[in-house]
Amino acid sequence: MPEFSATDCVHMAHALRLAERGLYSAHPNPMVGCVIVRDGEVVGEGWHKVAGEAHAEINALNVAGDKASGAIVYVTLEPCSHHGKTPPCCEALIRAGVSEVVVGLRDPNPDVNGAGIEALAAAGIATRVGLMRHEIEKLIRGFLSRLTRHLPLVRLKMASSLDGCIAMSNGESQWITGVEARADVQRLRARSGAIMTGIGTVLADDPSLTVRDASLQAAGKQPLRAVLDSDLRMPLSAEMLALPGKTVIYCAEDSRKSALLDAGAEVIKIGRGNGRLDTTAVLRDLAGRGVNEVLVEAGPALAGSLIADDRVDELVIYQSPHIMGSETMGMFRTPAWTRLADRKALDIIEMRRVGSDTRITARLAG
C-alpha cells in the first residue's frame, strides 16, 4: 500500500468535494474531482460537470496552464485511457508534463481498468493509488454497481406517518410529509438516472415523476421514467406520457403496445417470476441504458416485492409526526412472513430532521 501524507489527504479531500459538484449533472458518468498542486500551491482544480463534456483532469489542466508542468495531480478516479466522447485524460496529463498522479480509485470500466495508470507509468510519471478509496467508493456507488454488478443502485423512497402508513384506506396520500421533505425528494430525483414506479401508483395518483426544480437538472434533462405494468394497463392519458423525457413501460403482456408507442412510450416485454414481473431483468435493462441510480417511488406492492427480493440497496423513509390510524395502507406488502426470523433487519445509516419530518436512511442488514 503506498504511503500518503497529511498533505496528500488534504488535497484529495479537496478533489472529493469538487467531485460532489457533479451530483446532479455528471451521470451516467461518475463524479470525479481533480486538484493540481505545484510547490505546495493549488494551481488548478476541476470536476466533471456534464456527461459528454471535458473530464475533471482537463478542466483542472485548463486552469493550471503552464504551471501543470512538474506538478502533482490528485484525482479521485483513474484517468481514462481511451477515446470516448472526449480524448484520453492520461494523454493530456502526459503532454502537460506533470510529475506525479495520486489516484483515489482504480476505474472498473473495462475500457480503463488500470490502463490509465499503466500509461502514466510508461511515460515516467509516478503514480500512487488508493488514497481515500472508501470515501470515493461511497460517492460513486451507483456507477460502481452498474459496472461491477450490472445492476444500478436501487434507492427506495417512502413517505409515511409515525405509525407506518402511506395512505388512507381510500387512497388519499397528498400530502403526508411537509414542503421541506418534498423538496428533498426533488434532490433525490435529480441525482437519479431513472425513477421507477408501478402501475398501481400510476392509476391511483397519475404522477409526473419529473424534477420540477430546473436548477437541479443539468441542461433540462429529466430522469428516465420506468413503469412496471404487467398487463399493460397504462392509460394513454397518463400525465407522464405528455411530459419531457422518456417513459419506458415494462410488461409481460403487450397487446396495447402499438397505442402506447404512438403516445410516446417505449414498451419492453419482460418475463414473470413468482407471478409478477422479473424485477432483476428490469434493473439489468436499466443498467444497460447507463442508469447508475434508480429511485423507486411506488406503492406497497412493488416496494414489498423489492424488499422481499433483496433488491433494495438503500431505503429513504420520510416519517411525518402524525398518526393515521388502523384503517390505512402500510408501506410494504410482502409475502406472508409468519415468524420473527422472517424479518428484514435494517442498518440505520442516518437520521435527520427535514422540516417537521424525520428522514431515515437505512440499508438491509447483511
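1. Start with helix α6, residues 141-148. In this predicted model, six of its eight residues are buried, so the helix is largely enclosed by the rest of the structure. The buried ones are G142, F143, L144, S145, R146 and L147. Note that R146 is on that list, so to speak in the company of F143 and L144.

2. What do the buried residues of α6 pack against? Their partners are β3, β4, α5 (133-139), β6 (153-161), α10 (279-288) and β14 (293-297). If you are looking at the model now, α6 lies across β6, β14, β15 (314-320) and β18 (357-364), and runs at about 130° to β6. Just after the helix, have a look at H150, which takes a positive phi of about 60°.

3. Now the sheet that α6 lies across. β6, β14, β15 and β18, the strands under the helix, belong to an open sheet of nine strands with mixed pairing. The order is β11-β10-β9-β8-β14-β6-β15-β18-β17. At the edges are β11 (266-269) and β17 (346-354), each pairing on one side only. From one strand to the next, the twist averages 20°.

4. One pairing in the nine-stranded sheet is worth picking out: β6 and β14 run parallel and are joined by five bridges. To find the register, take L153, whose bridge partner in β14 is E293.

5. There is also an open sheet of five strands, again written with mixed pairing, in the order β2-β1-β3-β4-β5. Why do β2 (41-47) and β5 (126-129) each have a side without a neighbour in the sheet? They stand at the edges and each has a single partner strand, so one side is left free of a sheet neighbour. Neighbouring strands here are turned by 15° against each other on average, direction ignored.

6. Within the five-stranded sheet, β3 (residues 72-77) and β4 (residues 100-105) run parallel, with five bridges between them. Y74 has V102 as its bridge partner in β4. Two helices pack on this sheet. Helix α1 (residues 6-19) touches β1 (33-38), β2, β3, β4 and β5, and its direction makes about 145° with that of β1. Helix α2 (residues 56-64) touches β1, β2 and β3, with its direction at about 140° to that of β2.

7. W47 deserves a close look, being the last residue in the range given for β2 (41-47). Which charged ends sit over its ring? That of R21 does, 4.7 Å from the ring centre, and so does that of K49, at 4.9 Å. As for ring-on-ring contacts, a search of the whole structure finds zero aromatic pairs.

8. Last, the cysteines. The structure holds zero disulfides. C80 and C89 may catch your eye, but their sulfurs are 3.7 Å apart, and each is the other's closest cysteine sulfur. With the cut-off for a disulfide at 2.5 Å, that is too far for a bond. Are these two cysteines buried or exposed? C80 counts as buried at 7% relative accessibility, and C89 is buried too, with a relative accessible area of 0%.

Definitions and conventions
Residues are numbered from 1 along each chain as its sequence is written. This is a predicted model: local features need pLDDT of at least 70, side-chain atom pairs count only at pLDDT 80 or more; totals for chains, interfaces and linings use all residues. Side-chain values use heavy atoms; hydrogens and water are left out. Rings of Phe, Tyr and Trp (its six-membered ring) pair if their centres lie within 6.5 Å; planes under 30 degrees apart count as stacked, over 60 as edge-to-face and the rest as tilted. A charge sits over a ring if NZ of Lys or CZ of Arg is within 6 Å of the ring centre and within 35 degrees of the ring normal. Buried means under 20% relative accessible area, exposed over 50%, partly exposed in between (1.4 Å probe, protein chains only). Two strands pair if DSSP finds at least two bridges between them. Helices (H or I, at least four residues) and strands (E, at least two) are DSSP runs, numbered from the N terminus. Axes are lines fitted to C-alpha atoms, for helices over the stretch in contact, and angles run from 0 to 180 degrees between N-to-C directions. Contact means heavy atoms within 4.5 Å.
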